[in-house]
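Please work through the exercises below with the sequence and the model open beside you. Try each task before you read its solution.

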Amino acid sequence: MKTLVARQAMGKMVRGEALVAKDGFSARYDLDRAKGVFSRPSHQLAGKSYVGKILVLDTSKGGVASAWMLREMASRGLVPLAIVFNSVNPILAQGAAFGDITLVSGFDCDVTDQIPRGATVEIDPAARTVSILE
Amino acid sequence: MKLREIEKEMLVGKHGLAVRSAIEHQVRVGEFFGAEDFVEVTQAHVMGDTESLGQTGIEWLESLAKNDPGARVRIPTITDPRGTDFAKVLVLKQPAFAVDLERRAIEAFKRLGVLMTDTCVNYQTIQAPARGESVAFGDTGVVIYSNSVCGARSNFEGGPSALAAGLTGRTPRYGFHLDAVRRATMRIRVEWQPQTLNDWGALGGVVGKLAGHYWAVPYMEGIERTPGSDELKHFGAAMASFGSIAMFHIAEVTPEANPGGLPVAHRVSEKEVRALQNAYASGKEIDVVVFSAPQLSLYELRALAALCDGRCFERPLLAITSPQVKPDADRMGLTARIEAAGGHVLSGMCFYQSYAREIAEANGWKRLATNSAKMVNILGGYGYVPHLASMEQCVEAATTGKLP
């Protein structure tokens, strides 16, 4: 079992399947929030469902809307379980705080290289750890 | 975080439930980013369109005033564009539920004492922040302009955080409130001079993609003339959109411009800018023309009105401005000249925040032409095929149905 340590973390302990890409994330730019899939044609995860997944991506992109949107997505049950970033902007951190979504960011490696696609991952925000279970 | 006495009082509820909930949120965000303490802010700017809030966000907003009837913002707190112009709902064919949500959101904001300015260009229309002024602004284009052109200090403050700042009068001191974060991290040599607003936007997009993330601060040299406010508006909005960038330095423009001994990491020529523009040029046929994101200044409307004179549009043309500029445009006859050609001048909203997916389906809009690099970057996710062109080319497309 490999464990990565993040510099920033918030939220609940979660375990789930990793959806990994070397790409960014914005709830407004990249998602069809009604259907729960990535919809931006140029996004590496276009067409894939993010619901209940642990998103492992490079960085947060785009505007301020994600700060509201994560909570709204959570209210309909169409939300990622957690988000893991190499770096995060304030909007996604504010959105995660408002929407009560687990968020970790900041590693000494490129986290999108370290977590295999589809791996089962456990995040412990209190310990700031991301463990790759299988 | 180190808390002052008043902040401790806020946390235990001595200033009401809404303030307590606001500062709890701010402490959570501040601790995530390692903020040492709070910084007092003079203005807050809240993004609160209902497509983003949804039913849940509006109920939360309504609950603030319901659970704490005395709750009021303690500093001037203004709003970003709304999701509609109530006078143009039928033109846009927006769904009734959307208009209802907008009305509820406006009422909830007003109960908290928020001023409904509905603008993303408050630095042009309400009050530009001064150098060194700490603010809590909630539109990426507003933040990058305020940091880079005005020399003010703000992070990207999403709706809940900007409203929290309005209620508490402060924000956690991290990011662009700190001198160390405001220094250039990357030096770029610009070897080509943008001419049109879409050129400035495309250059901003190229730099945004190169810089790549919120904590990058690109320093640019080689821009030979001092750009005006509209040019910097499009430049910054696109850079923030493509790269999540909150601050840039332009030599001789940004008050704090300093390359800090960095070597030139990238050279940007016409080739890179044209490549970005060509990525949004997939065909000639156009269903709708939109000028928005950011809202148009009086000068942009003046230029557009001149292009509209004597024309008769085959395709819808929407020009979206602020509620502050619209009365002037009406009074000075600019609105009448644009609408005489068949266009529409809307105010207080922004196209991509106005249920863009639903209005595309209702109107049969897919192929959209605009001179906003920011908007072409956003609309792909909403099912549009966006085309980036100059204002002149967009007006031609509205006239003939085809880009020249």
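The exercises go from the whole of chain B to its domains, its helices and a single residue.

This is a predicted model, in which local features need pLDDT of at least 70 and side-chain atom pairs count only at pLDDT 80 or more, while totals for chains, interfaces and linings use all residues. Residues are numbered from 1 along each chain as its sequence is written, and chains are lettered from A and ligands numbered from 1 in the order in which they are written.

**Exercise 1. Overall form**

Task: Work out whether the radius of gyration of chain B agrees or disagrees with that of a compact globule.

Solution: Begin with the rule, which is 2.2 Å times the number of residues to the power 0.38, the radius being taken over C-alpha atoms. For 404 residues a compact globule would come out near 22 Å, and chain B, with 21 Å, agrees with this. Next, look along the principal axes, where the C-alpha trace spans about 65 × 55 × 35 Å. Then count the elements, taken as DSSP runs numbered from the N terminus (helices are H or I with at least four residues, strands are E with at least two); chain B has 17 helices and 13 strands.

**Exercise 2. Two domains in contact**

Task: Find which helix supplies the largest share of the side of domain 2 of chain B that touches domain 3 of chain B.

Solution: First set the bounds, which come from an automatic or database domain assignment: domain 1 is 5-177, domain 2 is 183-277 and domain 3 is 282-400. The C-alpha centres of domain 2 and domain 3 of chain B lie 25 Å apart, and the contact (C-beta atoms, placed from the backbone, within 7 Å) takes 15 residues from each of these two domains. On the domain 2 side, helix 9 (197-211) and helix 10 each supply at least two residues, and the largest share, seven residues, comes from helix 10.

**Exercise 3. Helix 7 and its surroundings**

Task: Describe how helix 7 of chain B passes helix 10 of chain B, and find how many residues of helix 7 are buried.

Solution: Take the axes first, as lines fitted to C-alpha atoms over the stretch in contact, with angles from 0 to 180 degrees between N-to-C directions. The axes of helix 7 (residues 140-150) and helix 10 (residues 229-243) come within 8 Å and cross at roughly 115°. The crossing is right-handed, a term used when the near helix is turned clockwise from the far one by less than a right angle. Among the residues that make the contact are B:Ile144 and B:Ser148 of helix 7 and B:Gly236 and B:Ala240 of helix 10.

Now turn to burial, where a residue is buried if 20 or more other C-beta atoms lie within 10 Å of its own, exposed if 12 or fewer, and partly exposed in between, with C-beta atoms placed from the backbone. In helix 7 of chain B, ten of the eleven residues are buried, and these pack against several elements, including strand 9 (288-296) and helix 16 (373-379). Finally, B:Gly151 follows helix 7 and has a positive phi, near 75°.

**Exercise 4. One residue in helix 5**

Task: Decide whether B:Leu101 is buried or exposed.

Solution: Locate B:Leu101 in helix 5 (residues 96-111) of chain B. Count the other C-beta atoms within 10 Å: there are 22, so B:Leu101 is buried. Leaving aside neighbours within four places in sequence, B:Leu101 is in contact with B:Thr50 and B:Ile58. B:Glu51 is 50 residues away from B:Leu101 in sequence, yet the two are 8.8 Å apart in space, C-alpha to C-alpha.
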